[in-house]
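Colleague: Could you walk me through this model, one question at a time? I am new to reading structures, so please show me how you reason.

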Amino acid sequence: MRQKETLRYDQTLFRDREVFEFTFVPDQLNHRDAQIRELALLARPAVRGGSPRSAILRGPPGTGKTTTVHRLFAEIEEATQRIVPVYVNCQQHRTPFAVFACIYEKLVGYAPPSAGRHLDDVVGSITKRLGDRNAALLVCLDDANYLHEARHLNDLLYRLLRLYESWDVRKAGVFAVLSDLSLNLAAEVDAQVRSVFHPTEVFFQPYAKPEIREILEGRIRQGLYPNVVSQANTALIAEIAAQEQDVRVGIDLVRTAAERAESDGRRTVTRQDVMAASRSVITPTLQKRAADLKEGERALLSRIAEMARDTGADMTSGAVYEAVQGYAVSSETTYRTRLKRLEEAGLIDLPLRTDRGRTREVLLRFTPEQVLAVCEPRGKTGAA
Ligand SMILES: Nc1ncnc2c1ncn2[C@@H]1O[C@H](COP(=O)(O)OP(=O)(O)OP(=O)(O)O)[C@@H](O)[C@H]1O
């Protein structure tokens, strides 16, 4: 037994890789109690023979919307037969037929034959089974904006929410998940749908840094062997993810950094693993951050990227200053201000080098090539 454990540990840093898959639903879903409670209250009338109410779950990416629904649906399935919860990923299922096929599959156990099958037949089979079971339907439309963009949302909601009118079954409820903060679904649908679609808005705020750290610690405990990621590196990952306002970024970073250490045959994740992972994981963010920079700041960033690309070595802030003097900055004060600004924008890291007094290193959070691609060097135009 002992030998087997040692062998496993030698082969991999991962105790359980699934813990890093996005379909993984943690037992401990911390910080989302209020949302789960609110959604459970909306579903509850169906347990007593009424109709589940609808909701719009809204929040930026990586705020736990999907996971919260999965957790609630698992609890509903355990607790009652009177609600049939069905999760549908609308990025994959963008038509009413595709969505109803998911519902059919959940109820029947296999997908409906698509060839030659009319949507009304599928809906008919679904309502018959719901009627036989005397159960209500609760459908989660994750990423519902895809249905909206494909102009199918209205038709789908109409069929789902007015099921009860043409068939002798209880009503259905819809939980529509949206990461688009501005899309007003309730206003986009036709009057016929609006009269039956009164969703409660349930908000998911981005996690704060301590919350992200706690979630990451839980994930690391479950997915990796002990001591693979130090507390300091967990804190660094939490910090990067908090800047992204997306816990998923943190989870991806842990996995990517551990895979990097593993492929090098090491047993622990280093700070360099984290930084390398951070460079490979995030790019749309880089674009957005670079776009927000002022001209002079972008010129400095671009020069730092050129140096990193050309030297490939660690750079101190003093060495960078020497290289940019009179080029991207006119004075040391301007240089320090811009460097700080690049750090605040999450583009560089300025760790203190303990072996060299108060010297700071300048580390890019992205690859030099990525940075140069979005910065386009502008010569001396950035000089102060
Ligand atoms: N409170 C939490 N506890 C543990 N893990 C969490 C928590 N919240 C989110 N996660 C994890 O973070 C990742 C992203 O969460 P999720 O997919 O639920 O976010 P989302 O808001 O639906 O994002 P998107 O809008 O991009 O689909 C998942 O791996 C999920 O398991």
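Colleague: How far apart are the closest N and O atoms in the salt bridge that Arg 309 forms with Asp 310?

Modeller: Keep in mind that this is a predicted model. A salt bridge needs a side-chain nitrogen of Lys or Arg within 4 Å of a carboxyl oxygen of Asp or Glu. Arg 309 and Asp 310 meet that rule, with their closest N and O atoms at 3.0 Å.

Colleague: Is Asp 310 buried or exposed?

Modeller: Let's take its partner beforehand: Arg 309 has a relative accessible area of 42%, so it is partly exposed. To be called exposed, a residue must be over 50%. Asp 310 has a relative accessible area of 56%, and therefore it counts as exposed.

Colleague: Which helix holds both Asp 155 and Arg 159?

Modeller: These two residues form a salt bridge, with the closest N and O atoms 3.4 Å apart. Asp 155 is partly exposed at 33%, and Arg 159 is partly exposed at 24%. They sit four residues apart, about one turn of the helix, and that helix is α7 (residues 153-161).

Colleague: Where in the chain does Asp 273, the salt-bridge partner of Arg 260, lie?

Modeller: The closest N and O atoms of Arg 260 and Asp 273 are 2.6 Å apart. This pair links distant parts of the chain, 13 residues apart. Arg 260 belongs to helix α13 (residues 247-263), while Asp 273 belongs to helix α14.

Colleague: Is Asp 273 buried or exposed?

Modeller: Arg 260 is partly exposed, at 34% relative accessibility. The cut-off for buried is under 20%. Asp 273 has 0% relative accessibility, so it counts as buried.

Colleague: Which residues are linked with Arg 260 and Asp 273 in a network of salt bridges?

Modeller: Side chains of opposite charge can pair when their charged atoms come close. Here the pair of Arg 260 and Asp 273 is part of a network of salt bridges. The other members of that network are Asp 264 and Arg 266.

Colleague: How many salt bridges are counted between domain 2 and domain 3?

Modeller: The domain assignment places domain 2 at 207-290 and domain 3 at 293-379. Across these two domains, the side chains of Asp 349 and Arg 271 meet in a salt bridge at 2.8 Å, N to O. The count between domain 2 and domain 3 is one.

Colleague: Which helices each supply at least two residues of the side of domain 2 that touches domain 3?

Modeller: There are eight residue pairs in polar contact between domain 2 and domain 3. By class, the domain 2 side has six nonpolar, four polar and three charged residues. The helices you are asking for are α12 (231-244), α14 (271-281) and α15 (284-291).

Colleague: Which three residues supply 43% of the area that domain 2 buries against domain 3?

Modeller: The two domains bury about 1400 Å² between them, with 56% of it on carbon and sulfur atoms. On the domain 2 side, three residues supply more than any other three. They are Arg 279, Leu 286 and Ala 290.

Colleague: Which residues does Thr 234 touch, leaving out those up to four places away in sequence?

Modeller: Thr 234 is found in helix α12. Its relative accessibility is 5%, so Thr 234 counts as buried. The residues in contact with Thr 234 are Arg 213, Leu 216, Glu 217, Ile 220 and Val 229.

Note on methods:
Residues numbered from 1 in each chain as written. Predicted model: local features only at pLDDT ≥ 70, side-chain atom pairs only at ≥ 80, totals over all residues. Heavy atoms only, no water. Domains from an automatic or database assignment. Buried area = accessible area lost by both parts, 1.4 Å probe. Polar contact = N/O pair within 3.5 Å; in protein donor to acceptor, adjacent residues only side chain to side chain. Nonpolar A, V, L, I, M, F, W, Y, C, P; charged D, E, K, R; others polar. Buried < 20%, exposed > 50% of the residue type's maximum accessible area, 1.4 Å probe, protein only. Contact = heavy atoms within 4.5 Å.
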